[in-house]
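Welcome, and please open your viewer. We will go from stop to stop, selecting a few residues at a time and looking at what surrounds them.

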Amino acid sequence: MNSNHNKSGLSTPLHYREGQGGGSATQYIELFAQCEAMISKHSAEVLNSLRAKAFEDFKRLGFSTRKDEDYKYTDVSKAFEPDYGLNLNRLDIPVNPYDVFKCDVPNMSTALYFVANDSFYNKALPKSNLPEGVLLGSLKELSESYPELVGKYYGKLAETSKDAVVALNTMLAQDGLLLYVPKGVVVEKPIQLVNILRADVNFMVNRRVLVILEDGARARLLMCDHAMDKVDFLATQVIEAYVGSGATLDFYELEENTTATRRFSYLNVYQEADSNVLVGGITLHNGLTRNTTRVTLAGQGAYINLSGMAIADKNQHVDNHTFIDHQVPDCTSRELYKYVLDDSATGAFAGKVLVREGAQHTASEQTNRNLCVTRQARMYTQPQLEIYADDVKCSHGATVGQLDENALFYMRQRGVSEQEARLLLMFAFVGDVVDNIRLDALRDRLHLLVEKRFRGEMGKCQGCTMCK
Amino acid sequence: MDKDSKDYKEQMQAEHSTPLHTGRGQGVGPMGPLLSIKDLHASINGKEILKGINLEVKPGEVHALMGQNGAGKSTLSNVLVGHPAYEVTKGSVTYNGKDLLAMSPEDRAHEGLFLSFQHPVEIPGVSMVNFMRAAVNEHRKYKGLPALTASEFLKLMREKRAIVELDGKLANRSVNEGFSGGEKKRNEIFQMAMLEPTFAILDETDSGLDVDALRIVAEGFNKLRTPETSAIVITHYQRLLDYLKPDIVHVLLDGRIVKTGGPDLAQEIEQRGFDWIKREVQTLP
Ligand SMILES: Nc1ncnc2c1ncn2[C@@H]1O[C@H](COP(=O)(O)OP(=O)(O)O)[C@@H](O)[C@H]1O
Ligand SMILES: [Mg+2]
């Protein structure tokens with residue numbers, strides 16, 4: 001990676017800057033109009049087939065501003081305003097991530113894969129001993145080989161008509177990851193996907209992830225985000241996950257980006273009867289993060305455990321927006337989000353739970369607890385329950401607090417320094433979110449990473465040789 | 001009022017000079033007080049609670065501090081260990097020759113000061129093990145000693161737990177979380193055993209303990225004492241003092257020490273209450 005990117009065409013700069021609010025959409029409209037052929041040429045038909053509609057939706061929607069209720073706390077328009085390069089020509093990343101990347105979560109014996117910027121890295125793939133019938137790899141390539149399978153699911157959950165960033169991603173995304181687990185198949189080995197951001201110019205990536213678990217299938221997926229260079233990154237990500245009847249999906253996301261990274265991630269989960277899904281979203285280090293999570297409980301007996309944690313300081317910004325749709329009876333949703341905000345960090349949590357008419361015996365529990373360590377840290381929390389069924393058990397609670405002064409003093413009286421006492425309390429505060437993790441190696445490792453993060457020993461990720 | 005407090009002070013100093021108060025410190029040779037409180041005034045939320053405390057504790061001495069609820073006993077304890085909610089408005093405290101009030105709470109602890117809290121706080125999510133490891137190792141660091149290894153530390157935990165017969169299950173839980181009143185008090189003395197302070201303040205450690213637990217905790221405390229260990233024991237009851245055998249007994253009333261005597265004073269209070277002392281104070285010139 002070097003400065004001749006532009007010359008070599010690796011990055012296609014957006015030259016169409018406009019200053020005023022809402023104007024930032026224009027440069028993407030012009031980019032797509034000019035580059036559609038190039039984008040499509042380096043992608044697959046299944047992905048290409050949705051671009052035209054996404055483009056129409058994007059033009060109609062434009063970027064949200066903070067006047068939009070769903071984006072009250074994150075200014076999308078502003079985030080997309082600067083000039084970023086894109087790799088629409090799909091030039092290879094000139095390093096082998098398997099050589100240079102040492103994961104922060106070692107000893108997990110995961111099946112390890114990389115998406116470098118927004119291309120699936122399929123050179124030097126490790127020998128996969130995944131069960132028969134499982135598909136795991138480049139979304140572009142697998143949708144060329146299995147157009148019917150991918151076409152049946154791709155773009156069906158992430159609606160381009162409602163959100164400009166989803167529309168933009170659908171317009172521009174050329175590749176990403178596909179995981180398909182056929183009926184009844186259990187993938188024992190956790191699958192790990194590391195999203196690497198590498199560039200020497202300010203850079204934008206748009207990636208897609210499609211997860212299909214057929215009835216009774218089981219899989220565990222850990223996705224880690226690593227921005228590795230000191231340029232500004234803008235990453236959009238759309239994840240669609242179909243979870244069939246009786247299927248189980250554990251899905252973890254660990255963000256360890258630089259403060260110059262803006263991340264917009266959309267996770268859409270669709271659950272059939274008696275499916276069991278665990279989502280753990282952890283923002284360990286970031287710049288600006290907006291995670292939108294939409295869960296549809298479409299079959300009776302479905303269970304979702306949605307948990308999230310954010311540790312932010314300096315001027316970091318973390319916004320989690322969740323929507324759980326109880327469409328049918330007998331489903332359970334448990335939601336737990338915790339934030340620790342230091343310095344001038346900002347956090348936002350908006351969690352809506354909708355219990356539709358007839359969705360009797362719904363059990364729903366939503367908790368959002370936040371710790372503001374300084375007076376400058378700001379937390380906005382907005383729980384929302386909408387219930388149209390009468391025989392349900394629903395609760396929600398949100399708190400924003402400071403560290404318990406009496407607990408701090410108690411520890412100091414025993415000789416524990418104030419700083420250490422604060423760390424112990426902050427660490428304890430997020431402990432239950434970490435304990436929600438059902439992957440032992442990841443849970444143990446996270447306890448350590450969280451401690452390091454609180455101790456300020458982690459500017460960026462730890463183990464990799466790429467960023468030093 | 002100023003004039004009154006001067007009277008109390010003189011009264012107390014006079015009593016201090018009686019042979020009654022040489023206490024256990026005697027065997028340690030001629031020495032000054034370990035703790036010396038002079039005309040201490042302190043307030044919380046702008047309200048003055050301590051109104052001129054004078055008190056000296058020599059090495060090895062055990063002082064009992066008695067007085068009705070609201071007199072300021074816990075306030076005095078908290079001020080001595082540096083609770084930030086209290087403001088010292090006047091006076092001085094010297095500990096081991098050093099200006100105690102200038103020290104951070106953690107350094108007061110490192111210098112050997114320990115408070116068994118009247119209401120120990122629950123700290124969900126912080127395990128006793130992690131908490132005690134941090135505390136013990138910071139004490140060691142202050143003394144220039146290396147941190148204990150994991151196995152050394154766990155061995156120490158086991159040994160000290162035995163002294164107060166603290167259930168191993170409690171030691172594996174979060175600090176005080178879900179502990180009964182009595183278990184919390186036992187846990188305080190366990191922590192004292194771990195940290196081996198030279199000056200302990202027990203703030204109503206006996207309340208909430210049944211007869212057997214009281215014996216275990218009190219005998220545990222006595223086992224931990226060395227000839228140099230000093231203590232201020234705050235209690236309403238003679239039964240704890242029967243075990244701890246105070247050298248000196250003080251009565252605190254409305255932020256001042258109004259009466260000081262020997263062990264028999266505690267017995268008299270047990271029988272007669274405080275009213276007679278209040279009347280005595282009112283008739284003072
Ligand atoms: N946070 C506070 N704000 C105002 N007054 C307080 C506060 N804490 C204690 N006090 C008052 O200080 C006085 C002494 O309390 P305390 O030291 O706890 O007494 P004791 O331990 O002797 O029962 C009481 O009148 C009590 O109401
Ligand atoms: Mg008290």
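A residue is called buried when its relative accessible area is under 20%, exposed when it is over 50%, and partly exposed in between, using a 1.4 Å probe and protein chains only. This is a predicted model, in which local features need pLDDT of at least 70 and side-chain atom pairs count only at pLDDT 80 or more, while totals for chains, interfaces and linings use all residues. Residues are numbered from 1 along each chain as its sequence is written, chains are lettered from A and ligands numbered from 1 in the order in which they are written, and side-chain values use heavy atoms, with hydrogens and water left out.

**Stop 1: an aspartate in a loop**

Select A:Asp118. Is A:Asp118 buried or exposed? Its relative accessibility is 5%, so A:Asp118 counts as buried. You will find A:Asp118 in the loop between strand 1 (111–116) and strand 2 (119–120) of chain A. Helices (H or I, at least four residues) and strands (E, at least two) are DSSP runs, numbered from the N terminus.

Now show the side chains. A polar contact is a pair of N or O atoms within 3.5 Å; within protein, one must be able to donate a hydrogen and the other to accept it, and residues adjacent in sequence count only if both atoms are side-chain atoms. The side chains of A:Asp118 and A:Arg90 are joined by such a contact at 2.5 Å. The A:Asp118 side chain also reaches the backbone nitrogen of A:Asn206, at 2.8 Å. Contact in general means heavy atoms within 4.5 Å. Leaving aside neighbours within four places in sequence, the contacts of A:Asp118 include A:Asp175, A:Gly176 and A:Met204.

**Stop 2: a histidine in a strand**

Next, select A:His326, which is found in strand 14 (residues 317–326) of chain A. A:His326 is buried, because its relative accessible area is 0%. Which side chain makes a polar contact with the side chain of A:His326? That partner is A:Ser333, at 2.8 Å. Beyond neighbours within four places in sequence, A:His326 is in contact with several residues, among them A:Leu297, A:Val353, A:Arg356 and A:Ser364.

**Stop 3: an aspartate in helix 11**

Move on to A:Asp435, in helix 11 of chain A. With 46% relative accessibility, A:Asp435 counts as partly exposed. Leaving aside neighbours within four places in sequence, A:Asp435 is in contact with A:Arg443 and A:His447. For a distance to try in your viewer, pick the C-alpha atoms of A:Asp435 and A:Val187: they are separated by 22 Å, and the two residues are 248 apart along the chain.

**Stop 4: the nonpolar cores**

In soluble globular proteins, nonpolar side chains tend to be buried together. A nonpolar core is a set of buried Ala, Val, Leu, Ile, Met, Phe, Trp, Tyr and Cys residues joined through side-chain atoms within 4.5 Å. Select B:Leu35 and B:Ile232: of the 129 residues in the largest nonpolar core, these touch the most other members. Helix 11 (residues 418–435) of chain A gives the most to this core, with 10 residues. Not counting residues up to four places away in sequence, B:Ile232 touches B:Leu35, B:Leu80 and B:Phe199, among others. A second, separate core of 50 residues includes A:Val187, A:Ile191, A:Val279 and A:Val318.

**Stop 5: around ligand 1**

Now select ligand 1 and show what is near it, meaning residues with a heavy atom within 4 Å. The surrounding residues include B:Ile44, B:Asn45, B:Gly70, B:Ala71 and B:Lys73. A polar side-chain atom of B:Asn45 lies 3.0 Å from a nitrogen atom of the ligand. On the backbone side, a polar atom of B:Gly70 is 2.7 Å from an oxygen atom of ligand 1, and one of B:Ala71 is 3.3 Å from an oxygen atom of ligand 1. Strand 2 (47–57) and helix 2 (73–81) of chain B are the elements that give two or more residues to this shell. Helix 2 of chain B gives the most, with 3 residues.

**Stop 6: helix 2 of chain B**

Stay with that helix. Because 8 of its 9 residues are buried, helix 2 of chain B is largely enclosed by the rest of the structure. Its buried residues include B:Thr75, B:Leu76 and B:Val79. Just after helix 2, B:Gly82 takes a positive phi of about 85 degrees.

**Last stop: all of chain B**

Finally, select the whole of chain B, which has 11 helices and 12 strands. Of its 285 residues, 54% are buried.
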